[in-house]
Amino acid sequence: MTFHSAVCTILRREFESYFLSPVAYVFLVIFLVLEGLFTFYIGGFYEREQADLMPFFAYQPWLYLFLMPAIGMRLWAEERRSGTFELLLTLPIPLPAVVIGKYLAAIAFAGLALLLTFPIWLTVNWLGDPDNGIIITGYVGSLLMASSYLAIASALSAITKNQVVAFILSVTVCFLFLVSGLPMVLDVFTAWAPEAFVLAVANLSMLSHFDSLQKGVVAFSDILYFALVISLWLWINYVVVETKREAG
């Protein structure tokens, strides 16, 4: 089996597993209801009288903070709880293919949820004449941010067989990445830390990198940031699983 076919096999297995229980459908309904609530009511979609999706994207970092760990918490924790973890690792499939396949399945599920928000896009095009280029860039940024959260959740799911623990750890780490650029956090370091350190902490924030993309600004630094976050946590995911396999 080639690496590509192994990834596809794991991806298909994992993606189908999401729909073996009602949980996936409940998640999709909750996601779409919350997106609509934040966009049309809390975000003041109609009151703004502007043809854009800024209210739609503005609350996604906080919505994803809980929903993406909910998707990713089962990736490895469920395997360990059900006792299929050891069996999976004995299959003639390279471990990196398993890690990537599981991760891509989570992204595919999150992407499906995001795709189902298309009525909101249709609504704004029906009511006005939005810049769809900016909207597409916002969707790309949204998927990159969701992918980053899922990479973190996947890695932390590998360290425990308890999905609740995996969820709490994932929310905590994602929260730290989210708020690291806020003034209330930077003020803690500004008084005593070197300026370079404060700048480094600020650059860890997903909010600042996502903010540019949702405004239609595609910067290489923002794409590189998400790529590095995803790569780092997938590597951590691989190391954790490999360590557990060697430990038996």
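The legends below accompany close-up views of a predicted model.

**Figure 1. The largest pocket of the predicted model and the residues that line it.** The space in this pocket amounts to about 470 Å³. Its lining is made up of 24 residues, and those nearest the centre of the pocket are Tyr18, Ser21, Val23, Arg74 and Gln163. Five helices each give two or more residues to the lining: H1 (3-18), H2 (23-42), H5 (60-72), H6 (74-82) and H8 (95-115). Sorted by class, the lining residues are 13 nonpolar, 5 polar and 6 charged. As general background, empty space can be found by rolling a probe the size of a water molecule over the atoms.

**Figure 2. The packing of helix H10 against helix H14.** Helix H10 covers residues 132-157, and helix H14 covers residues 206-214. Their axes lie 7 Å apart and form an angle of about 155°. Because angles over 145 degrees count as roughly antiparallel, H10 and H14 are described as roughly antiparallel to each other. On the H10 side, the contact is formed by Ile134, Thr137, Gly138, Gly141, Ser142, Leu144, Met145, Ser148, Tyr149 and Ile152. On the H14 side, the residues that meet them are Met206, Phe210, Leu213 and Gln214. The contact of these two helices has 8 nonpolar and 6 polar residues, with no charged residues.

**Figure 3. The surroundings of Val241 in helix H15.** Helix H15 spans residues 220-247 and includes Val241. The relative accessibility of Val241 is 0%, so this residue counts as buried. Apart from residues up to four places away in sequence, Val241 touches Trp76, Phe85, Leu89, Leu95 and Ala158. One of these contacts joins distant parts of the sequence: Val241 and Trp76 are 165 residues apart along it, while 8.8 Å separates their C-alpha atoms in space.

**Figure 4. The surroundings of Phe56 in helix H4.** Phe56 belongs to helix H4, which runs over residues 54-58. With a relative accessible area of 1%, Phe56 is buried, since the term applies under 20%. When neighbours within four places in sequence are set aside, Phe56 is in contact with Glu35, Thr39, Leu114, Thr117, Ile120 and Tyr139. The C-alpha atom of Phe56 is separated by 9.8 Å from that of Gln214, although the two residues are 158 residues apart along the chain. Gln214 is also one of the H14 residues that meet H10.

**Figure 5. The surroundings of Cys174 in helix H11.** Cys174 is found in helix H11, which is formed by residues 163-179. Its relative accessible area is 0%, and Cys174 is therefore buried. Not counting residues up to four places away in sequence, Cys174 touches Leu65, Tyr149 and Ile152. Tyr149 and Ile152 are also among the H10 residues that meet H14. The C-alpha atoms of Cys174 and Leu127 are separated by 35 Å, with the two residues 47 residues apart along the chain.

**Figure 6. The surroundings of Phe66 in helix H5.** Phe66 is found in helix H5, one of the helices that give two or more residues to the lining of the largest pocket. At 45% relative accessibility, Phe66 counts as partly exposed, because this value falls between the 20% and 50% cut-offs. Leaving aside neighbours within four places in sequence, Phe66 is in contact with Phe167 and Val171. Phe66 and Lys161 are 95 residues apart along the chain, and a distance of 19 Å separates their C-alpha atoms.

Conventions:
Residues are numbered from 1 along each chain as its sequence is written. This is a predicted model: local features need pLDDT of at least 70, side-chain atom pairs count only at pLDDT 80 or more; totals for chains, interfaces and linings use all residues. Side-chain values use heavy atoms; hydrogens and water are left out. On a 1 Å grid over the protein atoms alone, a cavity is a set of points where a 1.4 Å probe fits but cannot get out, and a pocket is an open set with protein on both sides within 12 Å along at least five of seven lines; lining residues have an atom within 4 Å of a point. Grid points are joined across faces, edges and corners, and a volume is the space filled by probe spheres set on the points. Helices (H or I, at least four residues) and strands (E, at least two) are DSSP runs, numbered from the N terminus. Ala, Val, Leu, Ile, Met, Phe, Trp, Tyr, Cys and Pro count as nonpolar, Asp, Glu, Lys and Arg as charged, and the others, Gly among them, as polar. Axes are lines fitted to C-alpha atoms, for helices over the stretch in contact, and angles run from 0 to 180 degrees between N-to-C directions. Angles under 35 degrees count as roughly parallel, over 145 as roughly antiparallel, 65 to 115 as roughly perpendicular and the rest as oblique. Contact means heavy atoms within 4.5 Å. Buried means under 20% relative accessible area, exposed over 50%, partly exposed in between (1.4 Å probe, protein chains only).
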